[in-house]
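Colleague: I am new to this one. Could you walk me through how to read its side-chain contacts?

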Amino acid sequence: MKKTGKSKMSLDRKLFIIGMLAIPLIKWAIFWTTTNFGMILLAFKHPRTGEFAWINFKTIFDSISSTNGALGISLKNTFLYFFWDSIVLFVLNLIMAYILFKQVWGHKVFRIIFYLPAIISSIAMTTVFTEFIKTDGPLNLIYNFFGGTDFPERGLLGQVSTATATIIVYTFWVGFTGNLILFSSALARIPIEILESARLDGCGSVRELVNIIVPLIFPTISTMMILSLTGIFGAGGPILLFTNGDYNTSTLGFWIFQQVYGNGAVGGTGNYGPVSAAGLVFTLIGFPIIMVVKWLLDKVPAVEY
């Protein structure tokens with residue numbers, strides 16, 4: 001009888017596992033596999049005849065290599081956003097999390113200030129920022145107060161030379177949120193005895209951060225780096241809310257949006273072929289990069305504590 005009971009319990013457990021896995025597997029099969037399989041087919045489909053052709057790939061490569069090609073400009077801006085948001089801001093988030101972890105004077109107030117962009121609506125944030133930097137806004141008044149006379153007539157978002165840099169500054173302003181929370185959580189797990197022992201040995205703040213803090217929380221850092229790298233071709237700012245892609249501010253994500261939902265007569269251009277080809281090409285480029293970086297990060301030994 002005991003044996004029968006064990007078999008029944010084992011069967012129940014198997015049914016439970018199968019039932020729990022069935023829902024995400026079905027969702028993956030329907031909404032990911034079929035969608036992406038259709039996207040791959042569209043990449044090799046001629047936009048007019050519907051026959052097999054490489055014209056979509058030729059279109060995106062011509063746009064990338066062209067001096068004023070929309071896709072080339074978008075790709076350049078995407079890499080700019082990735083560098084500043086996912087590399088420079090990543091390091092600054094780590095340093096800021098460490099400063100707050102050390103409970104400097106006013107750390108509670110600074111923590112609230114850095115978390116505010118995640119609480120306030122993005123539309124409200126972009127509106128406030130736009131009003132601040134416009135021609136008759138506070139920034140121009142401050143600039144004139146210190147003797148400046150060459151503030152752009154159409155504002156910082158109204159010319160090619162400053163529009164993208166201005167949006168990058170905005171992403172910096174609102175970027176101290178997600179990574180800061182994750183870094184703060186990882187720092188909170190570090191045993192205080194380790195830091196007290198290092199302090200007794202005369203370890204300074206910089207050495208403590210580099211030689212103790214970073215190795216102890218490296219699993220968190222490596223995970224965040226890999227997740228950040230997966231978005232290398234999706235990096236960007238709120239282009240639609242600021243410039244609608246004008247003044248060479250378009251990114252790869254906005255270019256895809258514009259091709260599908262942009263300036264068409266009935267809501268979008270329906271230009272799915274080049275979009276599908278671009279997605280396939282950038283996936284084939286990004287996947288090996290991510291796997292190589294993951295392999296290198298896994299080589300770093302984890303610290304037990």
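Modeller: We will take aromatic pairs, then salt bridges, then a single residue. Keep in mind that this is a predicted model.

Colleague: How is a pair of aromatic rings described?

Modeller: A pair of aromatic rings is described by how far apart the centres are and by the angle of the planes. Here the count comes to 19 aromatic pairs. Take tryptophan 84 and phenylalanine 172: their ring centres are 6.1 Å apart, with 65° between the planes. That pair is edge-to-face.

Colleague: Which helices hold tryptophan 84 and phenylalanine 172?

Modeller: Tryptophan 84 is in helix H3 (residues 70–101), and phenylalanine 172 is in helix H7. They are 88 residues apart, so the pair links distant parts of the chain. Tryptophan 84 has 34% relative accessibility and therefore counts as partly exposed.

Colleague: What about the rings of phenylalanine 90 and phenylalanine 183?

Modeller: Their centres are 5.3 Å apart and their planes meet at 75°, so this pair is edge-to-face. An angle over 60 degrees earns that label. Phenylalanine 90 sits in helix H3, and phenylalanine 183 in helix H8 (residues 178–188). The two are 93 residues apart.

Colleague: Are phenylalanine 90 and phenylalanine 183 buried or exposed?

Modeller: Phenylalanine 90 is buried, because its relative accessibility is 9%. Phenylalanine 183 is buried too, at 0%. The cut-off for buried is under 20%.

Colleague: Which residues do ring pairs link into a cluster?

Modeller: Phe44, Phe52, Trp54 and Phe57.

Colleague: Now the charged side chains. When can they pair?

Modeller: Side chains of opposite charge can pair when their charged atoms come close. In this model the count is four salt bridges. One of them joins aspartate 62 to lysine 58, with the closest N and O atoms 2.9 Å apart. Both residues lie in helix H2 (residues 55–65), four residues apart, about one turn of the helix. Aspartate 62 is partly exposed at 40%, whereas lysine 58 is exposed at 52%.

Colleague: Where is the salt bridge of lysine 294 and aspartate 298?

Modeller: In helix H14 (residues 272–298). The two residues are four apart, which means about one helical turn between them. Their closest N and O atoms are 3.0 Å apart. Glutamate 131 and lysine 134 also form a salt bridge, at 3.3 Å from N to O.

Colleague: Last, how far apart in space are alanine 165 and valine 104?

Modeller: They are 31 Å apart, C-alpha to C-alpha, and 61 residues apart in sequence. Alanine 165 lies in helix H7 (residues 160–173). Its relative accessibility is 44%, so alanine 165 counts as partly exposed.

Terms used: Residues numbered from 1 in each chain as written. Predicted model: local features only at pLDDT ≥ 70, side-chain atom pairs only at ≥ 80, totals over all residues. Heavy atoms only, no water. Buried < 20%, exposed > 50% of the residue type's maximum accessible area, 1.4 Å probe, protein only. Phe/Tyr/Trp six-rings, centres within 6.5 Å; stacked < 30°, edge-to-face > 60°. Salt bridge = Lys/Arg side-chain N within 4 Å of Asp/Glu carboxyl O.
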